[in-house]
Amino acid sequence: MDLVNYLPDRLMFAVPKKGRLYEKCLSLLKGADIQFHRSNRLDIAICLNLPIALIFLPAADIPTFVGEGRCDIGITGYDQVMESAVDVDMGIDLNFGKCKLQIQVPRNGAYQKPEQLVGKTIVSTFTNLTRQYFEKLEGVKSGEPLKTKIKYVGGSVEASCALGVGDAIVDLVESGETMKAAGLCAIETVLATSAHLIVSRHPSQPQLVDLIKSRLEGLLAAQKYVLCNYNAPRDRLPELLKVTPGRRAATVSPLEEENWVAVSSMILRKEMANILDHLKKLGASDILVMEISNCRV
């Protein structure tokens, strides 16, 4: 069935159907108020409150579907986009699913530098990115023969060295525990990656794409920032605003007590403790921090 023609009034939104990005994507869609019910074993779900059809696909296939315009937008890893070499708009870095595509070799083995692997066998699911890396390493043009052999394996890549399939692997590494358990260690990072919202160069409903991007950007800001409120003497305000400048500017309001003001500012969640300590030292009082469940930026 040609879903593009079957659902002409719907924005086609490709979402990973399983794997490391799936659960986080569901949480993201819920936070963006994209309401849907996915029936068991069905890879399509109609949004209940927006003209969107969610298409559940393998993450590796999503760049192709979006790049060819069969889907308008999608969520997948930056690594998958680069591996597919498709022309899409890299809309938003969603800041989850972070990991690294690394060259891994047997620990305490014969190889300590990538240059030592020239002419050897490298096993990977990411054969295009692996080939591009070794083309640069060998100094050959794209498509020219390589001394290094690149071999494709679809899963359990980390077992390849132990089973004698390859001399080294190129694979995604998150915590590194799986690689350590397989007796491997990293000698080079080929690519750092995270989940992205990608957009077709010619989406069917650009305004709806902008709405979704705005909602996701608001969610990401809410995760990144907290709201800090405090009272302070007016004469200390210049020093205090250097600590809490806000995303664009802090909100400053006069208090009934003379020469005192109330300040409200978004601050980075990861720097919260140090900021509060600094505010206290500079004379601020009644310092409060509140969660931001959602926002628009």
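**Salt bridges, sheet and cores**

Colleague: What is the relative accessible area of Arg38?

Modeller: This is a predicted model: local features need pLDDT of at least 70, side-chain atom pairs count only at pLDDT 80 or more, and totals for chains, interfaces and linings use all residues. Numbering starts from 1 along each chain as its sequence is written, and side-chain values use heavy atoms, without hydrogens or water. Buried means under 20% relative accessible area, exposed over 50%, and partly exposed in between (1.4 Å probe, protein chains only). Arg38 counts as partly exposed because its relative accessible area is 22%.

Colleague: Which residue forms a salt bridge with Asp43?

Modeller: A salt bridge needs a side-chain nitrogen of Lys or Arg within 4 Å of a carboxyl oxygen of Asp or Glu. Asp43 is partly exposed, at 30% relative accessibility. Its closest N and O atoms in the pair are 3.0 Å apart, and the partner is Arg38.

Colleague: Which residue joins Arg38 and Asp43 in a network of salt bridges?

Modeller: The structure holds 8 salt bridges. Some are linked: the network joins Arg38 and Asp43 with Lys17.

Colleague: How many residues lie between the positions of Arg20 and Asp79, counted as their distance apart in the chain?

Modeller: Arg20 and Asp79 form a salt bridge, with the closest N and O atoms 3.6 Å apart. Arg20 is partly exposed at 41%, whereas Asp79 is buried at 1%. Helices (H or I, at least four residues) and strands (E, at least two) are DSSP runs, numbered from the N terminus. Arg20 sits in the loop between strand S1 (11-16) and helix H2 (22-31), Asp79 in helix H4 (78-84), and their distance along the chain is 59 residues.

Colleague: What separates Lys180 and Glu177 in helix H6?

Modeller: Their side chains meet in a salt bridge, 3.9 Å from N to O. Glu177 is partly exposed at 49%. Both residues belong to H6 (177-181), 3 residues apart, so the separation is about one helical turn.

Colleague: Which strands stand at the edges of the open sheet?

Modeller: The sheet has 5 strands in the order S8-S7-S9-S6-S10, with mixed pairing. Two strands pair if DSSP finds at least two bridges between them. One side of each edge strand has no neighbour in the sheet, because each has a single partner: these are S8 (149-152) and S10 (184-193).

Colleague: Which residue of S10 is the bridge partner of Cys99?

Modeller: Strand S6 (99-106) pairs with S10 in the antiparallel sense, over 8 bridges. Within S10, the partner of Cys99 is Thr193.

Colleague: What angle does the direction of helix H5 make with that of S8?

Modeller: Axes are lines fitted to C-alpha atoms, for helices over the stretch in contact, and angles run from 0 to 180 degrees between N-to-C directions. Contact means heavy atoms within 4.5 Å. H5 (127-138) packs on the sheet, touching S6, S7, S8, S9 and S10, and its angle with S8 is about 170 degrees.

Colleague: Which element supplies the largest share of the largest nonpolar core?

Modeller: A nonpolar core is a set of buried Ala, Val, Leu, Ile, Met, Phe, Trp, Tyr and Cys residues joined through side-chain atoms within 4.5 Å. The largest has 30 residues, with Phe13 and Ile34 among those with the most contacts inside it. Elements supplying at least two residues each include S1, H2 and S3 (52-57). The largest share, 6 residues, comes from H7.
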